[in-house]
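Q: Could you take me through one part of this model at close range? I would like to start from a single residue and work outwards to whatever surrounds it.

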Amino acid sequence: MTGIISTDVLIVGAGPVGLFAVFEVGLLDLKCHLIDILDKPGGQCAELYPEKPIYDIPGWPSISAQGLVDKLLEQVAPFKPEFTYNRMVSSLEKLEDGGFRVTTDENEVFEAKVVVIAAGGGSFQPKRPPIPGIEPYEGKSVFYSVRRMEDFRGHDLVIVGGGDSALDWTLNLQPVAKSVTLVHRRAEFRAAPDSVNKMYAMQEMKQLEFRVGQVTGLTGADGQLSSATIKGGPDGDIEVPCTRMLPFFGLTMKLGPIAEWGLNLHENLIPVDTEKFQTSVPGIFAVGDINWYPGKLKLILSGFHEVALMAQAAKRIVSPGERIVFQYTTSSTSLQKKLGVSG
């Protein structure tokens with residue numbers, strides 16, 4: 001076959017865990033190519049909440065989601081990974097030499113000794129709320145994620161939902177928007193209690209409005225909202241000014257074609273061992289939110305731990321018989337040379 005792209009390790013997914021996998025296998029002299037369905041690296045961090053602060057990354061008391069992605073890209077730069085964006089992996093086959101041939105939905109063909117699935121929850125899309133006539137406004141004045149907070153400056157903003165995303169963006173966008181109205185069908189929330197308390201405190205100071213009820217109608221023209229109808233609250237049906245809306249009704253996660261790869265699955269996740277984070281197919285690993293094992297925590301830092309162990313096993317597959325010497329980046333001059341730093 002012609003036009004085949006060969007690499008040591010093919011990583012499906014370029015979110016934070018996939019990016020850190022580049023670093024860990026790079027220290028072991030393995031080359032990587034990453035494929036992602038999005039048009040840029042960063043996964044959900046970059047696509048859904050790039051400006052949202054993250055507080056549980058070791059060494060960073062607070063860092064934005066995009067800031068974390070930028071730092072990871074800086075960290076893996078010495079290893080010169082290659083990226084293919086806007087592609088879904090459509091098929092995988094095992095080769096006679098033990099490697100794998102992977103084909104994308106654009107018929108690009110990759111061959112690798114090791115495949116690492118770091119696809120988060122799989123391909124994801126926001127759930128559309130049951131609001132009649134919402135479609136013409138989507139992408140113009142109704143948005144399902146916040147790419148730039150500045151896009152909401154000076155707008156009458158209605159946020160719909162009761163989870164962390166709804167509360168976080170209510171708090172983060174309040175200083176930017178002209179007005180903020182949070183709408184949830186009940187007064188109980190699924191969000192962090194601290195965020196809920198802050199929201200109620202801001203309501204007390206009349207910095208925002210919280211309405212119990214549901215958005216049942218939209219008013220506007222040419223894709224631009226002017227108001228929203230809320231019903232179900234103590235005041236009956238009311239109209240609130242609305243030039244931007246953020247509905248947070250969750251995400252629909254799908255494994256997509258990965259589900260057809262012959263891997264054992266557990267509730268739409270991929271079971272792995274906790275020694276190597278290998279799937280039921282030798283040579284295919286799964287790290288980050290896509291995998292499952294007893295005690296699994298869906299945290300970025302857990303994914304970082306998983307790729308460190310995965311890299312050791314990947315090296316043994318790519319370079320069988322080669323002695324692997326465990327080294328620390330703080331003291332190994334050979335590792336520091338790879339990273340372009342001096343000890």
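A: Happy to! Let's start with Ser227, which counts as buried because its relative accessibility is 12%, under the 20% cut-off used for that word. Please keep in mind that this is a predicted model.

Ser227 is found in strand β14. Its side chain makes a polar contact, at 2.9 Å, with the side chain of Glu239. If we set aside residues up to four places away in sequence, Ser227 touches Gly217, Leu218, Thr219, Glu239, Val240, Pro241 and Cys242.

Now let's step out to the sheet. Strands β13, β14 and β15 form an open sheet in that order, with antiparallel pairing. β13 (214-221) and β15 (238-241) are the edge strands, and each of them pairs on one side only. On average, neighbouring strands here are turned by 30° against each other, direction ignored.

It helps to look at each side of β14 in turn. Towards β13, β14 (residues 224-231) is joined by seven bridges, and the two strands run antiparallel. For a landmark on that side, find Val215, which stands opposite Ile230 in β14. Towards β15, β14 is joined by four bridges, again with the strands running antiparallel. Here Thr229 has Glu239 as its bridge partner in β15, and Glu239 is also the residue whose side chain makes the polar contact with the side chain of Ser227. β14 and β15 form a hairpin with six residues between the strands, and in this hairpin Gly232 takes a positive phi near 105°.

β15 deserves a look of its own. In a regular strand, side chains alternate between the two faces of the sheet. Along β15 this can be followed residue by residue: Ile238 and Val240 point to one face and are buried, whereas Glu239 and Pro241 point to the other and are not.

There is another open sheet to look at, this one of four strands in the order β12-β11-β10-β16, with parallel pairing. Its edge strands are β12 (209-212) and β16 (244-247), each pairing on one side only. From one strand to the next, the twist averages 20°. Strand β10 (residues 156-160) pairs with β16 in the parallel sense over four bridges, and Val160 in that pairing has Pro247 of β16 as its bridge partner.

For the wider setting, turn to the nonpolar cores. The largest has 63 residues, and those with the most contacts inside it are Ile11, Ile117, Ile258, Trp261 and Met310. Trp261 touches Val12, Val89, Ser91, Leu92, Val115 and Ile117, again leaving out residues up to four places away in sequence. Apart from this core lies another, of 23 residues, including Leu167, Trp169, Phe189 and Phe210.

Finally, a word on the cysteines, in case you are setting up bonding terms. A search of the whole structure finds zero disulfides. Take Cys32: its sulfur lies 19 Å from the closest cysteine sulfur, that of Cys45, so the two are too far apart for a bond. Cys45 is likewise in no disulfide. Both are tucked away from the surface by the accessibility criterion: Cys32 is buried at a relative accessible area of 7%, and Cys45 is buried at 3%.

How values were computed:
Residues numbered from 1 in each chain as written. Predicted model: local features only at pLDDT ≥ 70, side-chain atom pairs only at ≥ 80, totals over all residues. Heavy atoms only, no water. Pairing = 2+ DSSP bridges. Axes fitted to C-alpha atoms, helices over the stretch in contact; angles between N-to-C directions. Disulfide = S-S within 2.5 Å. Buried < 20%, exposed > 50% of the residue type's maximum accessible area, 1.4 Å probe, protein only. Polar contact = N/O pair within 3.5 Å; in protein donor to acceptor, adjacent residues only side chain to side chain. Contact = heavy atoms within 4.5 Å. Core = buried A, V, L, I, M, F, W, Y, C linked by side-chain atoms within 4.5 Å.
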